[in-house]
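Hi everyone, thanks for making time for this. I'll walk you through one structure today, so please pull it up and follow along.

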Amino acid sequence: LLIIEADAETAAYEPARRLPLFERLLDRVRSVPGVRSATYSNNGLFSGSDSGDEVQVEGFTRKGRGDRGSRYNHIGPDYFSTLGIPILLGREINSKDQPSGPKVCVINEAFAKRFFAGRNPLGMHITQVYADQRNTFEVIGVVRNSRGNSLRGEVEHRYYVPAAQPIFPLDGASFAVRTVAEPSSVFAGVRR
């Protein structure tokens with residue numbers, strides 16, 4: 001697995017031009033010989049970057065302060081299949097999840113356990129809350145817990161939204177590239 005960062009903000013791309021840039025880069029990376037699959041995310045793997053806000057979960061009654069918020073990440077199409085994270089229920093985010101379509105999200109097992117214990121989360125809604133901002137997403141899938149920030153401690157509850165339906169304008173993307181051979185053999189082509 002090869003990880004490459006792309007900082008569109010520093011490269012002076014206006015917010016409206018960033019998502020199309022990331023999609024073009026993804027298409028080009030996927031066409032490099034030796035690349036099996038590729039995707040991207042806003043926070044990247046083990047980058048030290050993370051996002052989180054207050055959430056309101058359909059049918060969930062808060063019991064304490066720890067039930068107010070959750071971590072989240074903006075991801076590109078085929079994120080989970082590229083990283084090898086199993087889909088346990090529903091489907092993963094794909095290229096059909098576009099700005100004009102219904103807002104969707106995928107949750108991890110920890111999120112399902114905390115907020116949907118004993119209930120099927122598919123078709124339920126999560127609302128991200130920050131100041132006056134509200135974004136509501138329909139749960140379309142549940143994925144196995146995975147580590148993306150730390151190798152220690154409990155896996156945090158997390159939800160994932162399509163980069164095409166961002167909560168905030170993305171300034172950069174971390175591309176994850178799964179290769180068929182040693183990653184160093186495709187690095188030059190991906191970087192180009």
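Let's jump right in with Arg71, which is partly exposed, at a relative accessible area of 33%. Keep in mind that we're looking at a predicted model. So who does Arg71 pair with in a salt bridge? The partner is Glu156, and the two side chains meet at 3.6 Å, N to O. Arg71 sits in strand S4, while Glu156 is in the loop between strand S8 (133-143) and S9, so this pair ties together parts of the chain that are 85 residues apart in sequence. If you've not met this idea before: side chains of opposite charge can pair when their charged atoms come close.

Now stay on Glu156 for a moment. Glu156 is partly exposed too, with a relative accessible area of 39%. And Glu156 has another salt bridge, this one with Arg158, again given as 3.6 Å, N to O. Through those shared partners, Arg71, Glu156 and Arg158 join into one network.

What about Arg158, buried or exposed? Arg158 has a relative accessibility of 13%, and the cut-off for buried is under 20%, so Arg158 counts as buried. You'll find Arg158 in strand S9, residues 158-162. Who's around it? Leaving out residues up to four places away in sequence, Arg158 touches Asp50, Ser70, Arg71, Tyr72, Val106, Ile107, Asn108, Phe111 and Asn149.

Pick Phe111 out of that list, since it takes us to the next stop. Phe111 is one of the buried residues of helix H3, which covers residues 109-116. The others there are Ala110, Ala112, Phe115 and Phe116. Just after H3 comes Gly118, with a positive phi of about 80°.

While we're on phi, here's a bit of background: most residues other than glycine have a negative phi. So which residues are worth a look here? Ala12 has a phi near 70°, a positive value in a residue other than glycine. Ala12 is in the loop between S1 and H1, and is exposed, with a relative accessible area of 57%. Ala131 also has a positive phi, near 50°. Look for Ala131 in the loop between strand S7 (125-130) and S8. At 61% relative accessibility, Ala131 counts as exposed.

Okay, back to salt bridges. How many does the structure hold? There are four. Another one to find is Asp78 with Arg30, at 3.3 Å, N to O. This pair links distant parts of the chain: Asp78 is in the loop between strand S4 (69-75) and helix H2 (79-83), Arg30 is in helix H1 (residues 15-30), and they are 48 residues apart. Asp78 is partly exposed, at 28% relative accessibility, and Arg30 is partly exposed as well, at 31%.

Follow Asp78 inwards and you get to Thr39. Leaving aside neighbours within four places in sequence, Thr39 is in contact with Asp78, and also with Leu26, Gly76, Pro77, Tyr79, Thr82, Ser174, Phe175 and Ala176. Thr39 lies in strand S2, residues 35-41. With 0% relative accessibility, Thr39 counts as buried. For a sense of distance, the C-alpha atoms of Thr39 and Val104 are separated by 18 Å, and those two residues are 65 apart along the chain.

Leu26 was on that contact list, so let's go there. Leu26 is found in helix H1. Leu26 is buried, with a relative accessible area of 1%. Not counting residues up to four places away in sequence, Leu26 touches Ala38, Thr39, Tyr40, Pro77 and Phe175. Try another distance from here: Leu26 and Gly172 are 146 residues apart along the chain, and their C-alpha atoms are separated by 13 Å.

Last stop, the surface. Which residues form the negative surface patch? They are Glu5, Asp7, Glu9 and Asp171. Glu5 is found in strand S1, residues 2-7, and is exposed, with a relative accessible area of 54%.

If you want to retrace the route on your own screen, start with the network of Arg71, Glu156 and Arg158. Then go to the Asp78 and Arg30 salt bridge, and end at the patch that includes Glu5. That's me done, thanks for listening.

Methods. Residues are numbered from 1 along each chain as its sequence is written. Side-chain values use heavy atoms; hydrogens and water are left out. Buried means under 20% relative accessible area, exposed over 50%, partly exposed in between (1.4 Å probe, protein chains only). Helices (H or I, at least four residues) and strands (E, at least two) are DSSP runs, numbered from the N terminus. Patches are made of residues with over 30% relative accessible area and no salt bridge: like charges are joined within 9 Å, nonpolar side chains (Val, Leu, Ile, Met, Phe, Trp, Tyr) within 5 Å. Accessible areas come from the Shrake-Rupley method with a 1.4 Å probe; for residues, only the protein chains shown count as cover. Lys and Arg count as positive and Asp and Glu as negative; His and the chain ends are not counted. The place of a charge is taken as NZ of Lys, CZ of Arg, CG of Asp or CD of Glu. Contact means heavy atoms within 4.5 Å.
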